[in-house]
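Student: I have a model open and want to go through it by question and answer. Please keep each step short.

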Amino acid sequence: MTGSRVLGSGSALPARVVTNAQLAEKVDTSHDWIVERTGIHQRYIAGEGETTATLATDAARAALADAGVDASDIDLIVLATATPDNTFPATATKVQHALGCHGGIAFDVAAVCSGFLYALTTADSLLKTGSAKRALVIGAETFSRILDWEDRTTCVLFGDGAGAVVLEAADPLGAGLPGAAGIIASRLHADGAQHDLLYVDGGPSTTQTVGHLRMKGREVFRHAVVNLSGVLGEVIEDAGISASDIDWIVPHQANKRILDATAKKLGIPPEKVIVTVDQHANTSAASVPLAFDVARKDGRIKSGDLVMFEAMGGGFTWGASLVRM
Ligand code: UT7
């Protein structure tokens, strides 16, 4: 096989919505500050019984239904998360069991907010080499469980959720040809020197605790715009297109100002950028597939469209992927 194409998408959100005003009752913040600095109006927060695995399973079921694919036809599950149900085994194996898939490959990818890009690119590679035929690529998080709810500089920014896509190894006759549906080009990067700007201060091998998210927001912001516009430029060049050929950008939903600044640097008009950060806040690895699913289901992203995914997160890690629907 020479490629892989997206057959369908799905997403899932916890039942409970928490507004900025509700947060302002608990920490020293305000609706106006959060909206002005981030564009966030509300976020979904997981309740009892809702975990990364349950959200991922719901998103995966929705994606399978959308794709018209039976769970038994899935032979690869790649799940991106920084908030797994357990240290091990991989949350992907829990999802596999819940879906009733047997055999095949299932593992987690840890690349925090760019996890979905890492998972998508990994699944694409495994499909191209013939290791699997049909994949579920999932981004799922419950960041509410690693937030320090007394730290106003971080706790207002994140939310919980999951998104998933079904990928299929593409027909070798169609893939690679101009206009053929499928993943066209992807680039991934990492820079471990930036660890201290965005990390969790706990873990099994260090503190034996789960820990809390810590972020130097202003510095992350600065790196995000530079790194994202850089990797987008690389993928545009690899694919031999120009920025104006892109129909939709589906960015990681960290901050509306980052989305605007990155699109502006590339000369892409704001109406081509899918924005869900106002509704979902930053759902880390879930944010790109969640936003993608929202825009497919509301009819904006259509068959034949050229769609660019992009994300950056802790590590740092960042990446972009260009897909013809
Ligand atoms: O998903 C992974 C990637 N993550 C990101 O991309 C996040 C990137 N960073 C950001 O989105 C922004 O930097 C933030 C939204 C986190 C912060 O916005 P900012 O414009 O960079 O604000 P700042 O950190 O420079 O803080 C400005 C002021 C500070 O007060 P002083 O020192 O000027 O008096 C903060 O203490 O705002 C204060 N502040 C708040 N005020 C009300 C910080 N958090 C809050 C808050 N409510 N929640």
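Student: Which residue meets the side chain of Arg300 in a salt bridge?

Tutor: This is a predicted model. In it, the N to O distance of the pair is 2.8 Å. A salt bridge needs a Lys or Arg nitrogen within 4 Å of a carboxyl oxygen, so the pair qualifies. The partner of Arg300 is Asp298.

Student: Is Asp298 buried, partly exposed or exposed?

Tutor: The relative accessible area of Asp298 is 43%. Partly exposed covers the range between 20% and 50%. Arg300, at 29%, also falls in that class. Asp298 therefore counts as partly exposed.

Student: Which residues are joined into one network by salt bridges that share partners?

Tutor: Shared partners are what link salt bridges into a network here. The members are Arg5, Arg134 and Glu168.

Student: How many salt bridges does the count come to?

Tutor: The rule asks for a Lys or Arg side-chain nitrogen within 4 Å of an Asp or Glu carboxyl oxygen. Asp238 and Arg187 meet this way at 2.7 Å, N to O. By this rule the count is 13.

Student: How many residues apart in sequence are the parts that Asp238 and Arg187 tie together?

Tutor: Asp238 sits in helix α7, residues 217–239. Arg187 belongs to strand β8. Both ends are partly exposed, Asp238 at 40% and Arg187 at 31%. The separation in sequence is 51 residues.

Student: Asp293 and Lys297 meet in a salt bridge too. Which helix holds both?

Tutor: Their N to O distance is 2.7 Å. The two residues are four apart, about one turn of the helix. Both lie in α10.

Student: Is Asp293 buried or exposed?

Tutor: Buried means under 20% relative accessible area. Lys297 has 46%, so Lys297 is partly exposed. Asp293 has 4%. Asp293 is therefore buried.

Student: Now the open sheet of four strands. What is its strand order?

Tutor: The pairing in this sheet is mixed. β8 (182–190) and β11 (248–251) each have a single partner strand, so they stand at the edges. The order is β8-β13-β12-β11.

Student: By how much are neighbouring strands of this sheet turned against each other on average?

Tutor: The figure is an average over neighbouring strands, with direction ignored. It comes to 15°.

Student: Which residue in β12 stands opposite Val250?

Tutor: β11 and β12 (residues 306–313) run parallel and are joined by four bridges. The residue opposite Val250 in β12 is Phe309.

Student: What angle does helix α10 make with β11?

Tutor: Helix α10, residues 287–297, packs on the sheet and touches β11 and β12. Helix α5 (residues 115–128) also packs on the sheet, where α5 touches β8, β12 and β13. The direction of α5 makes about 125° with that of β8. For α10 and β11 the angle is about 140°.

Student: Is Val6 buried or exposed?

Tutor: Val6 lies in strand β1, residues 4–12. Its relative accessibility is 16%, and the limit for buried is under 20%. Val6 therefore counts as buried.

Student: What distance separates the C-alpha atoms of Val6 and Leu167?

Tutor: Along the chain the two are 161 residues apart. Yet Val6 is in contact with Leu167; its other contacts include Val165, Phe292 and Met325. The C-alpha atoms are separated by 4.6 Å.

Definitions and conventions: Residues numbered from 1 in each chain as written. Predicted model: local features only at pLDDT ≥ 70, side-chain atom pairs only at ≥ 80, totals over all residues. Heavy atoms only, no water. Buried < 20%, exposed > 50% of the residue type's maximum accessible area, 1.4 Å probe, protein only. Contact = heavy atoms within 4.5 Å. Pairing = 2+ DSSP bridges. Axes fitted to C-alpha atoms, helices over the stretch in contact; angles between N-to-C directions. Lists of a residue's contacts leave out its neighbours within four places in sequence.
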